[in-house]
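Trainee: Got a minute? I'd like to go through some helices with you.

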Amino acid sequence: MIGTYNKMRLPVSFYVLYMLSVFLGFLCVMFVCLWSGIWRGGFAWNGSFLEFNWHPVLMLTSLVVLYGNAIVLYRVPLTWSRWWCKLTHAGLLFVAMVFAILGLCAVFDFHRTYNIPHLYSLHSWTGISTVALFTLQWFVGLGAFLFPWTPVAFKALVKPIHISMGMAIFILGLISSLSGINEKLLLTLNGNNGSNTEPYTALPAEALFANSLGILVAIFGLVVLKILFNQKWKNPEFEHESNRPLMADAR
């Protein structure tokens, strides 16, 4: 089946969109790093504002870019076996999960240092929900699709839920990232507390740059969802689970 899929002539539009998603993902990571590094002063891990700067970098990289690339992986006509495709998918998501947890540690540590209440905003609610669902999804997927002793009937039952939840988590990640960018700008570019920075309403350079980051995130999300929702680009090899052990496919 993999050979059949590889011989399928996917339209040029698929490759254009896929390469666009990779390029946009790179731009998103570059933009958020530049925003935190240039306008927000850089990075540290000492409970200060510089530690907070890790939060947007780690969360956007994990919940948007790495996650988006991991779920698009099954559309790419690779010559890999089922085992390696699933292992790479799980591996990318594991790295994303670790980054997301570190991103949460950074913001909680920052809040403790400055006695800021935890989880009071809509952004924090959507963000923590996304990470919680993501973590649950990863462990359920690990048990259902990578453990050789899992019954095929259970795999068949879990698979549509796994796919739907995966898309839902990605959309939640986009919402959390966009709301986080906006919240950060509103809190920092307010012209109060004797700050020399221009207010958000004046649209200073930092606001223009961060707003552009938000647009890139939105376009990246739309491109990934377009690839996922096109039924003609599905890999038939992954349509149905079988009794064949995945380790046998690794050889």
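Mentor: Let's talk about how a few helices run and pack. This is a predicted model, where local features need pLDDT of at least 70, side-chain atom pairs count only at pLDDT 80 or more, and totals for chains, interfaces and linings use all residues. Residues are numbered from 1 along each chain as its sequence is written, and side-chain values use heavy atoms, leaving out hydrogens and water.

Trainee: At what angle do H5 and H6 pack?

Mentor: About 150 degrees, with axes 10 Å apart. Axes are lines fitted to C-alpha atoms, for helices over the stretch in contact, and angles run from 0 to 180 degrees between N-to-C directions. So H5 is roughly antiparallel to H6 (over 145 degrees).

Trainee: Which residues of H5 and H6 meet?

Mentor: Among them are Leu-93, Phe-94 and Met-97 in H5, and Phe-134 and Trp-138 in H6. Contact means heavy atoms within 4.5 Å.

Trainee: And H4 with H6, what's the angle?

Mentor: H4, residues 54-72, and H6, residues 122-145, pack at about 50 degrees, with axes 13 Å apart. They are therefore oblique to each other; that word covers angles that are not under 35, over 145 or 65 to 115 degrees. The contact includes Met-59 and Leu-63 of H4 and Val-131 and Phe-134 of H6.

Trainee: New topic. Where does H7 bend?

Mentor: At Val-158, by about 35 degrees. The bend is the angle between axes fitted to the seven residues ending there and the seven starting there. Pro-160 follows within four residues.

Conventions: Helices (H or I, at least four residues) and strands (E, at least two) are DSSP runs, numbered from the N terminus.
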